[in-house]
Amino acid sequence: QVQLVESGGGLVQAGGSLTLSCTVSISAFAFNEFGWYRQAPGKERELVAQIKVGGSTDYASSVRGRFTISRDNARNTVYLQMNSLKPEDTAVYYCNKVSLRFPWGQGTQVTVSS
C-alpha cells in the first residue's frame, strides 16, 4: 500500500514562508513525476507545482515566482518552499503523482492570515 505523508503546514501571517514535505513509500520514486496540489474550502483541488524525473519544474500562474518545488530521490521526498504567502494560499496541500495518481494522503493545512 502506497503512503503519501505530507507535513510542514501551519498558521503564518501574510508575507511569511513555509516549507512543506511529502514522503512517498514507493521503491520507484525517482522514476515518477510528482506534484503539489491544494484544495481550498468550497473549491476543487488544483495542481500548483510539478517536478519531472529530470528535475524540471512547472508552476501555476498563481504561485509562480513565490513557490519552489524540489525533490530528494535519496529520501523519497518532495518539498514545496512557499514564500510571500497570501491569504488566498490558504488550503489543504497534498502531494501525488501528476498522472496515474495514488490514493490521496491526509494533506497538510496551510492557513495564511491577513
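A residue counts as buried when its relative accessible area is under 20%, as exposed when that area is over 50%, and as partly exposed in between. With that in hand, welcome to the structure above, which is a predicted model. By this cut-off, 43% of the 114 residues of the chain are buried.

**The chain as a whole**

What kinds of elements make up the chain? There are ten strands and zero helices, and from the N terminus on the order reads β-β-β-β-β-β-β-β-β-β. Along the principal axes, the C-alpha atoms fill a box of roughly 40 × 25 × 20 Å. The radius of gyration is 13 Å, which agrees with a compact globule, because a globule of 114 residues would have a value near 13 Å.

Contacts can also link parts of the chain that are far apart in sequence. Among the contacts with a separation of 6 or more, 53% are between residues 24 or more positions apart. The accessible surface of the chain comes to about 6,000 Å², and carbon and sulfur atoms account for 48% of this surface. The chain carries 11 positive and 8 negative charges, and the mean positions of these two groups are 2 Å apart.

**A run of paired strands**

A good place to start looking is strand E3, which spans residues 18-24. This strand is mostly covered, with five of its seven residues buried. Which strands pair with E3? One of them is strand E1, residues 4-7, which pairs with E3 in the antiparallel sense over four bridges. Another is strand E8, residues 77-82, also antiparallel to E3, over six bridges.

You can follow these pairings residue by residue. Glu6 has Cys22 of E3 as its bridge partner, and Cys22 in turn stands opposite Val78 in E8. Elsewhere in the E3 and E8 pairing, Thr19 is matched with Gln81 of E8.

E8 also pairs with strand E7, residues 67-72, in the antiparallel sense over six bridges. Here Ile69 has Leu80 in E8 as its bridge partner. As you trace these strands, it may help to know that in a regular strand the side chains alternate between the two faces of the sheet.

**The turn between E7 and E8**

E7 and E8 form a hairpin, with four residues between them. Two residues of this loop deserve a closer look: Asn73 and Asn76. Asn73 is partly exposed, because its relative accessible area is 33%. Setting aside residues within four places in sequence, Asn73 is in contact with Phe29 and Ala30. The C-alpha atoms of Asn73 and Gly8 are 19 Å apart, with 65 residues of separation along the chain.

Is Asn76 buried or exposed? Asn76 counts as buried, because its relative accessibility is 19% and the cut-off for buried is under 20%. Its backbone is also worth a glance. Most residues other than glycine have a negative phi. Asn76 has a positive phi of about 50°, although it is not a glycine.

**Another positive phi**

Leu100 likewise has a positive phi of about 50° without being a glycine. Leu100 sits in the loop between strand E9 (91-97) and strand E10 (108-113). Leu100 counts as exposed, because its relative accessibility is 75%.

**Two more residues to visit**

Gln39 belongs to strand E4, residues 34-39. Beyond residues up to four places away in sequence, Gln39 touches Glu44, Arg45, Ala91, Val92 and Tyr94. How far apart are the C-alpha atoms of Gln39 and Ala91? They are separated by 5.2 Å, although the two residues are 52 residues apart along the chain.

Ser17 is in the loop between strand E2 (10-13) and E3. Leaving aside neighbours within four places in sequence, its contacts include Val12, Gln81 and Leu85. Ser17 and Ala91 are 74 residues apart in sequence, and their C-alpha atoms lie 15 Å apart in space.

**Accessibility side by side**

Here are the relative accessible areas of the residues visited above.

| Residue | Relative accessible area | Class |
|---|---|---|
| Asn76 | 19% | buried |
| Gln39 | 27% | partly exposed |
| Asn73 | 33% | partly exposed |
| Ser17 | 39% | partly exposed |
| Leu100 | 75% | exposed |

Technical notes: Residues are numbered from 1 along each chain as its sequence is written. This is a predicted model: local features need pLDDT of at least 70, side-chain atom pairs count only at pLDDT 80 or more; totals for chains, interfaces and linings use all residues. Side-chain values use heavy atoms; hydrogens and water are left out. The radius of gyration is taken over C-alpha atoms; the globule rule is 2.2 Å times the number of residues to the power 0.38. Buried means under 20% relative accessible area, exposed over 50%, partly exposed in between (1.4 Å probe, protein chains only). Contact means heavy atoms within 4.5 Å. Accessible areas come from the Shrake-Rupley method with a 1.4 Å probe; for residues, only the protein chains shown count as cover. Lys and Arg count as positive and Asp and Glu as negative; His and the chain ends are not counted. The place of a charge is taken as NZ of Lys, CZ of Arg, CG of Asp or CD of Glu. Two strands pair if DSSP finds at least two bridges between them.
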